[in-house]
Amino acid sequence: MGVGGQMISIHPEELTFGLELEKPSYCNLKVINNTEQHVAFKVKTTAPKKYFVRPNTSVVQPWDSCTIVVTLQPQKEYPPDIQCKDKFLIQSAKVPPISDMDEIPLDTFSKEGGKVIDEHKLKVVYTSPAQSDHGNSEGESGLASAASGRRGSDMMNNSGIEETQALQRLKEERNATLKQNHQFQRELEILKKRRSHKGDAGFSLPFTAFAGLIGVLVGFILNLTLSTPSSG
């Protein structure tokens with residue numbers, strides 16, 4: 001929602017600040033020119049020492065808009081019941097086709113001489129930071145709120161996709177690790193068998209050599225015996 005007259009519209013219709021001690025808070029106002037002429041505006045407040053307004057005066061071109069940033073200066077204590085009685089007043093008036101506030105007449109916002117001056121009064125609301133963020137998003141426009149919702153939904157969807165991909169990668173890494181483990185176990189069994197065969201071969205080779213040597217000696221003795229001529 002916004003407030004407005006014939007010349008300009010203002011969104012939102014109140015300034016909402018998330019009040020935190022020793023910290024500044026911000027609220028944006030959007031001023032929309034509803035005419036085919038240049039319109040100048042000026043921002044006033046009942047508590048000028050508490051707020052920093054930029055720009056506090058400006059010229060808005062036909063059918064164009066301008067964003068005002070209002071900063072609540074850091075506060076040292078909370079007001080009773082966090083209620084605020086501060087008010088803002090935005091005055092607007094049609095001006096010649098110019099873009100510099102220094103060029104407009106000094107009596108632009110004076111009501112003397114029957115000038116048409118639009119005035120819009122805005123109240124100030126203090127809330128918790130979370131509520132203030134919601135109020136500021138409404139201040140930009142309903143479309144901004146919808147866009148924020150879509151961004152949040154997209155972030156949730158992207159987060160879900162990333163989690164699924166991460167789980168898939170972990171499963172693949174686990175399967176690869178298990179496969180490597182099984183392969184290492186098979187290679188270890190093969191090495192054990194090879195060592196066992198080598199151990200058997202190491203035992204039988206000396207034994208076979210010894211047995212062969214005995215066979216040769218026995219054969220040599222038999223041959224020598226058989227080849228010796230008998231006496232008489």
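Let me start with a cut-off: a residue counts as buried when its relative accessible area is under 20%. Phe88 has a relative accessibility of 2%, so Phe88 counts as buried. The model I am showing is a predicted one, and Phe88 will come back several times.

First, the overall layout. The chain has 232 residues, and buried residues make up 25% of them. There are 10 strands and 2 helices. Going from the N terminus, the strands run one after another and the two α elements follow at the end. On the surface side, the chain exposes about 16500 Å², with carbon and sulfur atoms supplying 57% of that area. As for contacts between residues at least 6 apart in sequence, 69% of them join residues at least 24 apart.

Now the sheet. Five strands form an open sheet in the order β3-β10-β9-β5-β7, and the pairing is mixed. At the edges sit β3 and β7, each pairing on one side only. Ignoring direction, neighbouring strands here are turned against each other by 25 degrees on average. Within the sheet, β5 and β9 run antiparallel and are joined by 8 bridges. One residue pair to look at is His38, whose bridge partner in β9 is Val95.

Next, the aromatic side chains. How many aromatic pairs does the structure hold? It holds 2. One of them is Phe17 with Tyr51, a tilted pair with 5.7 Å centre to centre and 40 degrees between the planes. Phe17 is in strand β3, residues 14–18, and Tyr51 is in strand β6, residues 51–54, so this pair ties together parts that are 34 residues apart in sequence. Both partners are covered: Phe17 is buried at a relative accessible area of 0%, and Tyr51 is buried at 6%.

Tyr51 also pairs with Phe88. Why is that pair called edge-to-face? The ring centres are 5.0 Å apart and the planes of Tyr51 and Phe88 stand at 75 degrees; the cut-off for edge-to-face is over 60 degrees, so the 75 degrees puts this pair in that class. Phe88 belongs to strand β9, residues 87–95, while Tyr51 is in β6, so here the parts tied together are 37 residues apart in sequence. Taken together, the ring pairs link Phe17, Tyr51 and Phe88 into a cluster.

That brings me to the cores. The largest nonpolar core has 26 residues, and the members that touch the most others are Leu15, Phe17, Tyr51, Val70 and Phe88. The strands β2, β3, β4, β5, β6, β8, β9 and β10 each supply at least two residues of this core. Which strand gives the largest share? That is β8, with 4 residues. Apart from this core lies another, of 7 residues, among them Ala40, Ile98, Ile104 and Phe109.

Last, a polar residue. Ser58 is in strand β7, residues 57–60. Is Ser58 buried or exposed? Its relative accessibility is 17%, so Ser58 counts as buried. Leaving aside residues up to four places away in sequence, Ser58 touches Val39, Ala40, Phe41, Cys66 and Met101. Ala40 we have just met, as one of the residues of the 7-residue core.

That is what I have on this model.

Technical notes:
Residues are numbered from 1 along each chain as its sequence is written. This is a predicted model: local features need pLDDT of at least 70, side-chain atom pairs count only at pLDDT 80 or more; totals for chains, interfaces and linings use all residues. Side-chain values use heavy atoms; hydrogens and water are left out. Rings of Phe, Tyr and Trp (its six-membered ring) pair if their centres lie within 6.5 Å; planes under 30 degrees apart count as stacked, over 60 as edge-to-face and the rest as tilted. Buried means under 20% relative accessible area, exposed over 50%, partly exposed in between (1.4 Å probe, protein chains only). Contact means heavy atoms within 4.5 Å. A nonpolar core is a set of buried Ala, Val, Leu, Ile, Met, Phe, Trp, Tyr and Cys residues joined through side-chain atoms within 4.5 Å. Accessible areas come from the Shrake-Rupley method with a 1.4 Å probe; for residues, only the protein chains shown count as cover. Two strands pair if DSSP finds at least two bridges between them. Axes are lines fitted to C-alpha atoms, for helices over the stretch in contact, and angles run from 0 to 180 degrees between N-to-C directions.
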